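Trainee: I am new to this structure and would like a close look at a single part of it. Could you take me through the salt bridges, and show me where their partners sit?

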Amino acid sequence: MLKLHARNAKALSFPTTMAEPENNSEFWTIFGRENWDEFAKLLHDPQLNNDSFSFNSEMLVKGKKCPCKIKVQQCWNRRDPENPELISVYGCVEFFK
C-alpha cells in the first residue's frame with residue numbers, strides 16, 4: 001500500500017492510496033528501481049528489529065528529481081518468533097519543499 005499526501009497525489013495524478021503500486025507502470029516511472037531496491041533491502045534487514053523505517057531519496061516528478069522521505073510501516077505475524085511472517089507493508093512519501 002502506498003499512501004501520498006493529497007497535494008502530492010494530485011501533483012502526480014495518483015490516488016492518495018495505491019494498493020500494489022509495484023504493479024503500476026506510472027509508479028515505476030516516478031518511484032524508480034533504486035528506491036525499490038533500497039526499500040526491499042531495508043524491509044528484509046534482520047538488523048532493524050522494529051516495525052518501521054524511513055529513508056531519504058528522490059523521485060521523478062514531472063520530469064524533475066524531487067527530494068523526499070519514504071516512511072514504511074510493517075505488520076508482522078510473530079506467532080513463531082523464530083520465523084516471523086510479513087503480513088503487510090504500509091508506505092508514506094513526503095516531498096521536501
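Mentor: Gladly! Let us begin with the term itself: a salt bridge here is a side-chain nitrogen of Lys or Arg within 4 Å of a carboxyl oxygen of Asp or Glu. Please keep in mind that we are looking at a predicted model. By that rule, the count comes to 3 salt bridges.

Start with Arg 78 and Asp 51, whose side chains meet in a salt bridge at 2.7 Å, N to O. Arg 78 is found in the loop between S4 and S5, while Asp 51 belongs to the loop between H3 and strand S3 (52-61), so this pair ties together parts that are 27 residues apart in sequence. How exposed are the two partners? Arg 78 counts as partly exposed, at 45% relative accessibility. Asp 51 also counts as partly exposed, at 28% relative accessibility.

Now move to the strands on either side of the Arg 78 loop. Strand S4 covers residues 64-77 and pairs with S5 in the antiparallel sense, over 10 bridges. S5 itself takes in residues 85-95. One place to find this pairing is Cys 68, which stands opposite Phe 95 in S5. A salt bridge also links these two strands: the side chains of Glu 94 and Lys 71 meet at 3.1 Å, N to O. Because Glu 94 lies in strand S5 and Lys 71 in strand S4, the pair ties together parts that are 23 residues apart in sequence. Glu 94 counts as partly exposed, with 26% relative accessibility, and Lys 71 counts as partly exposed too, with 34%.

S5 has another neighbour to look at. Strand S1 (residues 2-4) runs parallel to S5, and 3 bridges join the two. If you pick out Lys 3, you will find that its bridge partner in S5 is Cys 92.

The remaining pair takes us to a helix. Where do Lys 41 and Glu 38 lie? Both are in helix H3 (residues 33-43), 3 residues apart, about one turn of the helix. Their side chains meet in a salt bridge of 3.5 Å, N to O. Lys 41 counts as exposed, at 51% relative accessibility; the cut-off for exposed is over 50%. Glu 38 is partly exposed, with a relative accessible area of 27%.

With the pairs in view, step back to the chain that holds them. It has 3 helices and 5 strands, and from the N terminus on the elements run β-α-β-α-α-β-β-β. The C-alpha trace spans about 45 × 20 × 20 Å along its principal axes. Of the 97 residues in the chain, buried ones make up 31%. Among contacts between residues at least 6 apart in sequence, 35% join residues at least 24 apart.

What about charge over the whole chain? There are 13 positive and 13 negative side chains, and the centres of the two sets lie 12 Å apart. As a general point, side chains of opposite charge can pair when their charged atoms come close. The chain exposes about 6600 Å², with carbon and sulfur atoms supplying 50% of that area.

To retrace the tour on your own, find Arg 78 with Asp 51, then Glu 94 with Lys 71, and then Lys 41 with Glu 38.

Methods
Residues numbered from 1 in each chain as written. Predicted model: local features only at pLDDT ≥ 70, side-chain atom pairs only at ≥ 80, totals over all residues. Heavy atoms only, no water. Pairing = 2+ DSSP bridges. Helix = DSSP H or I, 4+ residues; strand = E, 2+ residues; numbered from the N terminus. Buried < 20%, exposed > 50% of the residue type's maximum accessible area, 1.4 Å probe, protein only. Contact = heavy atoms within 4.5 Å. Areas by Shrake-Rupley, 256 points an atom, 1.4 Å probe, with all protein chains shown as cover. Lys, Arg positive; Asp, Glu negative; His and termini not counted. Charge placed at Lys NZ, Arg CZ, Asp CG, Glu CD.
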